[in-house]
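Let's take a walk through a protein together. Keep the picture open beside you and find each residue as we get to it.

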Amino acid sequence: MKILMPLPRTDFDPSEAAVSWRVLVDAGHHVVFATPDGDAAKADPVMVTGCGLDFWSRVPGLRALKFIGLLLRANADARHAYREMATDAAYRAPLRWDALDARDFDALLLPGGHAQGIREYLESKRLQAIVAAFFDADKPLAAICHGVVLAARSVSPRTGHSVLYGRKTTALTWKLEHAAWNMSRYAGRWWDRDYYRTYREQPGEPHGYRSVQAEVTRALACAGDFLDVPADAADHWRKTSGLHRDTRDDARPAFVVRDGNYVSARWPGDVHTFARTFAALLAQRASPRNS
């Protein structure tokens, strides 16, 4: 299948994009990239290297020394996938957003990212229209972390609602977002205290109003359609602590939601399971029984 993965110029999450790319390519799919200007995108460098997450990062000679940076950056598997993706011909020569037509693709994958460069992606009316076209055509679509915000902001011309209205979904939870924000602003990146908050609350708005979970929930038919790990789930702590990430061989830390042709996940710690779930959906769609 031909899968579209749009990206911003910079600051997308390397794990969510590259691990998904690796899993889908290994499953035999062709991934096409698109950026605002047709130039190759660049991942959030802090998430790639981990440099700039520790409070001593601005001290000459200490930048390469990492502690929090090792905890929060992309892991070795994701960094390897990102290096491979960066050499892929389709990645190096992406399409332009304004040249996209949903009819040219079989499926859509929306990675996330939290640094400020991701905002042009989340706020793009062109991408929102593309997302809506995929949903209205009932084509497979997957979104992870802030990618779910792009989906939530996409309004179907057919219904007049967000494409997620009436859907079950997950996304970056406020618990995970708040924990990373607190760790960064109090124990690490003190000169950029809101690095982990793509949007901050405006005067008069309650704490967390601009969080990913809150915005996505406002787009849904009811608050109960936003799903998080059930309290009685096996491996609950492993799934919710933010200290464990899934791997190719271990899905225990992951939490992924599938609703029909739509797959969603919370954060980079879910990405292997997220991508495999999407690949399984695509395989199901491609089977003779469903053709």
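We'll start inside, move to a few loops and odd backbone angles, and finish with charged pairs and the surface. One thing to keep in mind is that this is a predicted model.

Start with the inside. The largest nonpolar core has 74 residues, and those with the most contacts inside it are Phe 12 and Leu 164. Which helix gives this core its largest share? That's helix 12, residues 271-286, which supplies seven residues. There is also a second, separate core of eleven residues, with Ile 68, Leu 72, Ala 115 and Trp 181 among them.

Now zoom in on Phe 12. Leaving aside neighbours within four places in sequence, Phe 12 is in contact with a long list of residues, including Leu 7, Ala 17, Ala 41, Gly 112 and Ile 118. Two more names on that list, Tyr 82 and Met 85, lead us to the next stop, helix 4.

Helix 4 covers residues 76-85, and its buried residues are Ala 78, Ala 81, Tyr 82 and Met 85. Try looking straight down the axis of helix 4: those buried residues fall within an arc of 100°, so they line one face of the helix. What covers them? The cover includes strand 2 (10-12), helix 1 (14-26), strand 3 (30-35), strand 4 (42-43), helix 2 and helix 5 (89-92).

Next, some loops. Asn 261 sits in the loop between strand 8 (256-259) and strand 9 (262-265). Is Asn 261 buried or exposed? Its relative accessibility is 11%, and since buried means under 20%, Asn 261 counts as buried. Not counting residues up to four places away in sequence, Asn 261 touches Asp 138, Lys 139, Pro 140, Leu 141, Arg 167, Leu 281 and Arg 285.

Follow the chain to Pro 268, in the loop between strand 9 and helix 12. Pro 268 is buried too, at 12% relative accessibility. Setting aside neighbours within four places in sequence, Pro 268 is in contact with Asp 13, Ser 15, Glu 16, Arg 245 and Asp 246. Here's a good one to find on screen: Pro 268 and Leu 172 are 96 residues apart along the chain, yet their C-alpha atoms are separated by 9.5 Å.

One more loop residue is Asp 225, between helix 10 (212-218) and helix 11 (236-240). With 7% relative accessibility, Asp 225 counts as buried. Beyond residues up to four places away in sequence, Asp 225 touches Gly 166, Arg 167, Lys 168, Thr 169 and Leu 220. Did you spot Arg 167? What touches Arg 167 includes Asn 261 as well as Asp 225.

Now for some backbone oddities. Most residues other than glycine have a negative phi. Asp 11 has a positive phi of about 75° although it is not a glycine, and Asp 138 does something similar, with a positive phi of about 55°. Where do they sit? Asp 11 is in strand 2 and is buried, at 13% relative accessibility. Asp 138 is in the loop between helix 7 (125-136) and strand 7 (141-144), and at 41% relative accessibility it counts as partly exposed.

On to the charges. Side chains of opposite charge can pair when their charged atoms come close. How many salt bridges turn up in the whole structure? A search finds 19. In one of them, the side chains of Glu 84 and Arg 22 meet at 2.8 Å, N to O. Glu 84 lies in helix 4 and Arg 22 in helix 1, so the pair ties together parts that are 62 residues apart in sequence. Both partners are partly exposed: Glu 84 at 27% and Arg 22 at 24%.

Another salt bridge joins Asp 98 and Arg 96, with the closest N and O atoms 3.2 Å apart. Asp 194 and Arg 200 pair up at 3.0 Å, and they also belong to a network of salt bridges that links Glu 177, Asp 194, Arg 197, Arg 200 and Glu 201.

Last stop, the surface. Val 59, Leu 62 and Leu 65 form a nonpolar patch there, with about 230 Å² of accessible area together. Val 59 is in the loop between helix 2 (45-49) and helix 3 (68-72), and is partly exposed, with a relative accessible area of 38%.

How values were computed
Residues numbered from 1 in each chain as written. Predicted model: local features only at pLDDT ≥ 70, side-chain atom pairs only at ≥ 80, totals over all residues. Heavy atoms only, no water. Patch = residues over 30% accessible without salt bridge, like charges linked within 9 Å, V, L, I, M, F, W, Y side chains within 5 Å. Areas by Shrake-Rupley, 256 points an atom, 1.4 Å probe, with all protein chains shown as cover. Salt bridge = Lys/Arg side-chain N within 4 Å of Asp/Glu carboxyl O. Helix = DSSP H or I, 4+ residues; strand = E, 2+ residues; numbered from the N terminus. Buried < 20%, exposed > 50% of the residue type's maximum accessible area, 1.4 Å probe, protein only. Arc of directions from axis to C-beta. Contact = heavy atoms within 4.5 Å. Core = buried A, V, L, I, M, F, W, Y, C linked by side-chain atoms within 4.5 Å.
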